[in-house]
Amino acid sequence: MNANGPLPTPDDRPQADIVIYDGHCKFCTKQVQRLHRWDRAGRLAFLSLHDAEVQRRFPELTYQRLMDEMVLVDQAGNYYGGAAAFRYLTRHLPRLWPLAPLLHIPGSLPVWRWGYRQVAKQRYRFGRTDSCDDGACEVHFRK
């Protein structure tokens, strides 16, 4: 499959780890497209949290958790959310290997989680909301 084409699904790559992301978020979508380009070995498959397949495959994952953080499900069935998912990826995608030593400093995960949450809370602001024509982004700006 072309690295610039559609994102591979778990049906396309049954032996891949699954990245569940916010497919209504332009910022999130750009980031997983980047992961897909960097995944030359075909180790990842992708699902938007808004896809009914997510609830069918992973009923224990709540909608709120998936809105709060990207979740990676590895082949053993382990869940990695947010910063822990990104840390996992630094060990599995060669393009991210240079970040692994920094993200794996003992005791640093709480700091990375905090930073991830700050970005995740503002993600709709990063994704060119002027082109959010279906209104999905607007709900994230009301307080």
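Hi everyone. A residue counts as buried here when its relative accessible area is under 20%. Keep that cut-off in mind, because aspartate 39, with a relative accessible area of 4%, is buried. One reminder before we go on: this is a predicted model.

Let me start with the whole chain and then come back to that aspartate. The protein chain has 143 residues, and 40% of them count as buried. Its secondary structure comes to 6 helices and 4 strands, and along the sequence the pattern reads β-α-β-α-α-β-β-α-α-α. If we take contacts between residues at least 6 apart in sequence, 58% of them join residues at least 24 apart. The accessible surface is about 8,600 Å², with 53% of it belonging to carbon and sulfur atoms.

Now the sheet. In what order do the 4 strands sit? The order is 2-1-3-4, in an open sheet with mixed pairing. Strand 2 and strand 4, residues 79–81, are at the edges with a single partner strand each, so one side of each has no neighbour in the sheet. From one strand to the next, the twist averages 20 degrees.

Strand 1 is a good place to look next. On one side, strand 1 runs parallel to strand 2, and 5 bridges join them. With strand 3, residues 71–73, strand 1 (residues 17–21) pairs in the antiparallel sense over 3 bridges. Isoleucine 18 shows both pairings nicely: its bridge partner in strand 2 is alanine 45, and its bridge partner in strand 3 is valine 73. Next along, valine 19 has leucine 72 as its bridge partner in strand 3.

How many residues of strand 1 are buried? The count is 5 of 5, so I'd call the strand mostly covered. As a general point, side chains in a regular strand alternate between the two faces of the sheet. Here Asp17, Val19 and Tyr21 point one way, while Ile18 and Ile20 point the other way, and all are buried.

What about the helices? Helix 1 belongs to a right-handed β-α-β unit, together with strand 1 and strand 2. Helix 4, residues 83–92, lies across strand 1, strand 2, strand 3 and strand 4, and runs at about 110 degrees to strand 4. Of the 10 residues in helix 4, 7 are buried, so the rest of the structure largely encloses this helix. Those buried residues are Ala83, Ala84, Ala85, Arg87, Tyr88, Leu89 and Thr90. Do have a look at Arg87 on the screen; it is on that buried list along with the alanines.

And now back to aspartate 39, as promised. Where does aspartate 39 sit? You'll find it in the loop between helix 1 (26–38) and strand 2 (44–48). Which partners does its side chain have? The side chain of arginine 13 makes a polar contact with the aspartate 39 side chain at 3.1 Å. The aspartate 39 side chain also reaches the backbone nitrogen of arginine 43, at 2.8 Å. Setting aside neighbours within four places in sequence, aspartate 39 is in contact with Arg13, Leu44 and Leu93.

So that is my tour: the sheet order 2-1-3-4, helix 4 lying across the strands, and aspartate 39, buried in its loop at 4% relative accessible area. Thanks for listening!

Technical notes: Residues are numbered from 1 along each chain as its sequence is written. This is a predicted model: local features need pLDDT of at least 70, side-chain atom pairs count only at pLDDT 80 or more; totals for chains, interfaces and linings use all residues. Side-chain values use heavy atoms; hydrogens and water are left out. Helices (H or I, at least four residues) and strands (E, at least two) are DSSP runs, numbered from the N terminus. Buried means under 20% relative accessible area, exposed over 50%, partly exposed in between (1.4 Å probe, protein chains only). A polar contact is a pair of N or O atoms within 3.5 Å; within protein, one must be able to donate a hydrogen and the other to accept it, and residues adjacent in sequence count only if both atoms are side-chain atoms. Contact means heavy atoms within 4.5 Å. Two strands pair if DSSP finds at least two bridges between them. Axes are lines fitted to C-alpha atoms, for helices over the stretch in contact, and angles run from 0 to 180 degrees between N-to-C directions. A crossover is right-handed if, with the strands pointing away from the viewer, the path from the first strand over the helix to the second runs clockwise. Accessible areas come from the Shrake-Rupley method with a 1.4 Å probe; for residues, only the protein chains shown count as cover.
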